[in-house]
Amino acid sequence: MKNILRKTAATALILLLSGMLSFAQSPKFKVLALYSTTVEADHVDFARDAIQFYTKLAAEKNFVFDTTTDWEKLNDKNLKNYQVVMWINEFPHNEAERRVFEKFMTNGGAWLGFHVSGYNDKDTKWPWFVDFLGAVFYSNNWPPLPAKLIVDDNTHPVTRRLPKTYIAPINEWYSWKPNPRDNKDIKVLVTLDPANYPLGKKDVLKSGDVPVVWTNTKYRMLYMNMGHGDKVMTSDIQNQMFEDAIMWLGTKQ
């Protein structure tokens, strides 16, 4: 009888440990990161650095980070496997991929977009995305430069570890018209400090309110204007925001 009890207890312990191991190995969430290698060289450099950063972070934080240059993977069947879509340095150009992304987001999916992924103008002809982003590209500084940023909200999960201000590494900064802050659904988290003006040499941002990180509260989304060149990921301070952004989107906390 004692042997039977011992065997039963041993079996139960094995099953318990097996279940705990299985649970521990289950990823918290899955990210599909799309990028292109045929775009501006500085955007390719950023993609390389961002992929390296998030691949390492995924191993540390236990989430899946899949990358692809095949934008046809932005389809209904494939997106069923992911909770978060990331656009690193590009955006969909055909109607089929656009419609799939709209469906993914309206059904509760999450999106993280960097820099040029938010670019849109009069030729984009994607009104849903204009409303989703809450802004239209207007101008930029050139050449890329570091800039002092103001953190609008230190209580948000994405910016909770940032100081009130910090110096962001070299980047090309976009301004927007209409301004995302004018959209009632947009919550701006980080803004270009007016102390930077005039910002640029060839193309100069001279004045104005320039949000650089924000979320549309109707969706699980975050846009970050950072994403130009090979210096963006060199700030430990800013990298905390990049980390907290993906964890917020993936875990919905």
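This section walks through selected side-chain interactions in a predicted model, from a buried asparagine to salt bridges and aromatic rings.

A good place to start is Asn141, which is found in the loop that runs between β5 (137-140) and β6 (145-151). With a relative accessibility of 0%, Asn141 is buried. Its side chain makes polar contacts with the backbone: one reaches the oxygen of Pro143 at 2.9 Å, and another reaches the nitrogen of Trp173 at 2.6 Å. Trp173 also appears among the residues in contact with Asn141 once neighbours within four places in sequence are set aside. The others in that group are Asn171, Glu172, Leu199, Gly200, Asp203 and Leu205.

Turning to charged pairs, the structure contains 21 salt bridges. In one of them, Lys61 meets Glu243 with an N to O distance of 3.5 Å. This pair links distant parts of the chain, since Lys61 belongs to helix α2 (residues 41-61) and Glu243 to helix α6 (residues 236-251), 182 residues apart. Lys61 is partly exposed at 29% relative accessible area, whereas Glu243 is buried at 17%; the value for Glu243 counts as buried because the limit is under 20%.

A salt bridge within a single helix is formed by Arg98 and Glu95, whose closest N and O atoms are 3.4 Å apart. Both residues lie in helix α4 (residues 95-106), where a spacing of three residues amounts to about one turn. Here Arg98 is the buried partner, with a relative accessible area of 6%, while Glu95 is partly exposed at 42%.

A further bridge joins the side chains of Lys218 and Asp131 at 3.3 Å, N to O. Lys218 sits in the loop between β10 (211-216) and β11 (220-224) and Asp131 in helix α5 (residues 127-133), so this bridge ties together parts of the chain 87 residues apart in sequence. Both ends are partly exposed, Lys218 at 45% and Asp131 at 36%. Elsewhere, salt bridges with shared partners connect Lys61, Arg160, Arg161, Glu243 and Asp244 in one network.

The loop between β11 and α6 holds Gly229, a buried residue with 6% relative accessible area. Beyond its neighbours within four places in sequence, Gly229 is in contact with Asp42, Asp45, Phe46 and Asp49. By comparison, Thr155 is 74 residues from Gly229 along the chain, and the C-alpha atoms of these two residues are separated by 29 Å.

Aromatic residues complete the picture, with 29 aromatic pairs found across the whole structure. In the pair made by Phe129 and Phe132, the ring centres are 5.9 Å apart and the planes meet at 40°, so the arrangement is tilted. The two phenylalanines are three residues apart in helix α5, about one helical turn. Both are buried, Phe129 at 1% relative accessibility and Phe132 at 0%. They also belong to a cluster linked by ring pairs, together with Trp71, Trp87, Phe101, Trp111, Trp126, Trp128 and Tyr219. An aromatic ring can meet a charge as well: the charged end of Arg220 sits over the ring of Trp248, at 4.4 Å from the ring centre.

Methods
Residues are numbered from 1 along each chain as its sequence is written. This is a predicted model: local features need pLDDT of at least 70, side-chain atom pairs count only at pLDDT 80 or more; totals for chains, interfaces and linings use all residues. Side-chain values use heavy atoms; hydrogens and water are left out. Helices (H or I, at least four residues) and strands (E, at least two) are DSSP runs, numbered from the N terminus. Buried means under 20% relative accessible area, exposed over 50%, partly exposed in between (1.4 Å probe, protein chains only). A polar contact is a pair of N or O atoms within 3.5 Å; within protein, one must be able to donate a hydrogen and the other to accept it, and residues adjacent in sequence count only if both atoms are side-chain atoms. Contact means heavy atoms within 4.5 Å. A salt bridge is a side-chain nitrogen of Lys or Arg within 4 Å of a carboxyl oxygen of Asp or Glu. Rings of Phe, Tyr and Trp (its six-membered ring) pair if their centres lie within 6.5 Å; planes under 30 degrees apart count as stacked, over 60 as edge-to-face and the rest as tilted. A charge sits over a ring if NZ of Lys or CZ of Arg is within 6 Å of the ring centre and within 35 degrees of the ring normal.
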